[in-house]
Structure formats: C-alpha cells, structure tokens
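Student: I would like a close look at a single part of this protein, the sheet together with the core packed around its strands. Could you take me through that part with care?

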Amino acid sequence: SYAGVQTEDCRTRDIGLGGVFVELPREANLTVETPVELTFKLGAVPHLTKHRINARVVRVTEDGIGMMFRDFDAIAFRSLQEVLLYNQNKITS
C-alpha cells in the first residue's frame with residue numbers, strides 16, 4: 001500500500017534481503033522514493049500468514065517497480081527470512 005492506495009495480487013520477482021521487484025501495471029503511478037508497505041501472504045487457508053515490510057521505490061520500469069526494504073527491525077527481518085524460505089521451497093518443490 002502507498003498513500004492510502006492498496007494493490008493486491010501482485011507478482012514478485014528477484015526477491016532478496018535488500019529488496020524486491022514487483023510486477024505492477026504502469027497505471028500504479030508510483031515514482032522513485034515513494035514509501036510503500038508490502039504485505040506478503042504465505043501458505044493457504046487456514047494456515048495463511050501475513051508479513052508486512054516497509055520499502056521505498058528505487059526503480060520504475062515498463063513492467064513493474066523495484067523496491068528496497070527499509071526500517072528493518074528483528075520482526076521484519078524474521079518475516080523476510082520466512083518469505084525467502086517459502087519462495088525457495090516453492091522453487092525447489
């Protein structure tokens with residue numbers, strides 16, 4: 001979410017400890033330096049978990065937005081580790 005606007009069901013690519021690329025339509029109208037809050041949903045109902053991580057836009061392309069994670073605390077770091085582990089397990093399964 002950014003500036004009170006929420007966008008759902010986005011596809012992520014190139015996720016790592018430093019940031020993520022999110023495929024978004026050009027109409028999302030995000031610019032470099034825009035602060036955003038990312039929410040990652042992992043698993044399936046009834047074991048669905050949500051993780052929130054603050055980020056800022058660092059790159060805008062025709063097919064999406066590159067974001068850098070910011071304001072890390074221990075909880076956000078653990079959440080990101082869980083997201084990365086989940087993503088890695090999906091790829092290797």
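Tutor: A polar contact is here a pair of N or O atoms within 3.5 Å, of which, within protein, one must be able to donate a hydrogen and the other to accept it. Bearing in mind that this is a predicted model, one such pair is found at T34, whose side chain reaches the backbone oxygen of T31 at 2.7 Å. T34 lies in the loop between strand 2 and strand 3, and with a relative accessible area of 16% T34 is buried, because the cut-off for that word is under 20%.

From this loop we can turn to the sheet, an open one in which 5 strands follow the order 1-2-5-4-3 with antiparallel pairing. Strand 1 (11-13) and strand 3 are the edges, and each has a single partner strand, so one side of each is left without a neighbour in the sheet. On average, and ignoring direction, neighbouring strands are turned by 45° against each other. The antiparallel strands 1 and 2 are joined by 3 bridges, and R13 has F21 in strand 2 as its bridge partner.

As for the core, the largest nonpolar one has 18 residues, of which I15, V20, V36, L38, M67 and F69 touch the most other members. At least two residues each come from strand 2 (19-23), strand 3 (35-42), strand 4 (49-61), strand 5 (64-69) and helix 1 (74-92), with strand 3 giving the most, 4 residues. Leaving aside neighbours within four places in sequence, V20 is in contact with several residues, including I15, L38, M67 and F69, and also with R13.

How values were computed: Residues numbered from 1 in each chain as written. Predicted model: local features only at pLDDT ≥ 70, side-chain atom pairs only at ≥ 80, totals over all residues. Heavy atoms only, no water. Core = buried A, V, L, I, M, F, W, Y, C linked by side-chain atoms within 4.5 Å. Buried < 20%, exposed > 50% of the residue type's maximum accessible area, 1.4 Å probe, protein only. Contact = heavy atoms within 4.5 Å. Pairing = 2+ DSSP bridges. Axes fitted to C-alpha atoms, helices over the stretch in contact; angles between N-to-C directions.
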